[in-house]
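Work through the exercises below with the sequence and coordinates open. Try each task before reading its solution.

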Amino acid sequence: MSRERATALLVDFDGVLRRWDPAVAARVEREYGLTEGVLGEIAMSWGLLQPVLTGKVSHAEWMTSVADALTPSVGDPGRARAAVDAWQSYRGEVDPEVLAFIREVRAAGVRVGLGTNATDVLDADLAALDLTDELDVVVNSSVIGVHKPAKEYFQAACEALATPPARVLFVDDEDRAVAGARVAGLSAHRWSGRADLRYLRAALAY
């Protein structure tokens, strides 16, 4: 039995619409004499990450925790904070081809939502990257209090899109998120790069 054709698109932010240049973090780590990759390693440790993704703590509080954890390596709290601030001043870059695809999809009358595990600075990031008016809805885990790949997250996203799960196509670069979306009844595609756009166009058939 074939699936219903998708009439709405839900797109992940980091790794799909927004990309990060790893050279930025590496440069900060070199400048402050840190081990390569340590900033991301500390920040992404689940004990620090999970509370901020569900809105239990703010982005600022999360970064304070990262600086605190970094202090023993740097030897000075002020220097640790400066390293974190330098790292955080970079807010990523928009993938122009993905943005063009989103514009194309919306112009064809397909609703597009941003489905992301994010913090309370998401709106500011979207504004800084000139994305505020490029999406129909934004589903931020820290606002709704639950993160991908939970079924409840995808239920909330479909409600925001005013579209039943079977009619939503979800795109993410993480296997766990894709699997979670499928459990919730959405069509889901694991993003591997811009070559996937041809498939997504065909899947939406707008």
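The exercises go from the whole chain to single residues, and the model is a predicted one.

**Exercise 1. Overall dimensions**

Task: Decide whether the radius of gyration of the chain agrees or disagrees with that of a compact globule.

Solution:
- Start with the expectation: for 206 residues, a compact globule would have a radius of gyration near 17 Å.
- The chain has 18 Å, so the value agrees with the rule.
- Next, take the extents. The C-alpha trace spans about 60 × 30 × 30 Å along its principal axes.
- Then check burial: 47% of the 206 residues count as buried.
- Last, look at contacts between residues at least 6 apart in sequence. Of these, 67% join residues at least 24 apart.

**Exercise 2. The sheet**

Task: Find the strand order of the open sheet and say which strands stand at its edges.

Solution:
- Count the elements. The chain has 11 helices and seven strands.
- Five strands form the open sheet, with parallel pairing and the order β5-β4-β1-β6-β7.
- Now read off the ends. β5 (137-140) and β7 (187-190) each have a single partner strand, so one side of each lacks a neighbour in the sheet.
- Add the twist: neighbouring strands are turned by 20° against each other on average, direction ignored.
- Zoom in on one pair. Strands β1 (residues 8-11) and β4 (residues 111-116) run parallel and are joined by four bridges.
- Within that pair, valine 11 has leucine 114 of β4 as its bridge partner.
- Finally, place a helix. α11 (residues 197-204) lies across β1, β6 (168-172) and β7, at about 170° to β6.

**Exercise 3. A helix pair**

Task: Classify the packing of α3 against α4 as roughly parallel or roughly antiparallel, then describe the contact by residue class.

Solution:
- Get the geometry. The axes of α3 (residues 46-53) and α4 (residues 59-74) come within 9 Å and cross at roughly 170°.
- Apply the cut-off: angles over 145 degrees count as roughly antiparallel. The crossing angle therefore makes α3 roughly antiparallel to α4.
- List the contact. From α3 come Leu48, Leu49 and Val52; from α4 come His59, Trp62, Ser65 and Val66.
- Sort these residues: five are nonpolar, two are polar and none is charged.

**Exercise 4. Three residues, three environments**

Task: Assign histidine 189, glycine 145 and arginine 176 to buried, partly exposed or exposed.

Solution:
- Take histidine 189. The residue lies in strand β7. Its relative accessible area is 16%, so histidine 189 is buried.
- Name its surroundings, leaving out residues up to four places away in sequence. Histidine 189 touches Phe170, Val171, Asp172, Val178, Asp196, Tyr199 and Leu200.
- Take glycine 145. This residue sits in the loop between α8 (141-144) and α9 (151-161). At 37% relative accessibility, glycine 145 counts as partly exposed.
- Check a distance across the sequence. Glycine 145 and proline 51 are 94 residues apart in sequence, and their C-alpha atoms are 9.4 Å apart in space.
- Take arginine 176. Helix α10 (residues 175-183) holds this residue. Its relative accessibility is 60%, so arginine 176 counts as exposed.
- Finish with one more distance. Arginine 176 and proline 149 are 27 residues apart along the chain, with 6.2 Å between their C-alpha atoms.

Note on methods
Residues are numbered from 1 along each chain as its sequence is written. This is a predicted model: local features need pLDDT of at least 70, side-chain atom pairs count only at pLDDT 80 or more; totals for chains, interfaces and linings use all residues. Side-chain values use heavy atoms; hydrogens and water are left out. Two strands pair if DSSP finds at least two bridges between them. Helices (H or I, at least four residues) and strands (E, at least two) are DSSP runs, numbered from the N terminus. Axes are lines fitted to C-alpha atoms, for helices over the stretch in contact, and angles run from 0 to 180 degrees between N-to-C directions. Contact means heavy atoms within 4.5 Å. Angles under 35 degrees count as roughly parallel, over 145 as roughly antiparallel, 65 to 115 as roughly perpendicular and the rest as oblique. Ala, Val, Leu, Ile, Met, Phe, Trp, Tyr, Cys and Pro count as nonpolar, Asp, Glu, Lys and Arg as charged, and the others, Gly among them, as polar. The radius of gyration is taken over C-alpha atoms; the globule rule is 2.2 Å times the number of residues to the power 0.38. Buried means under 20% relative accessible area, exposed over 50%, partly exposed in between (1.4 Å probe, protein chains only).
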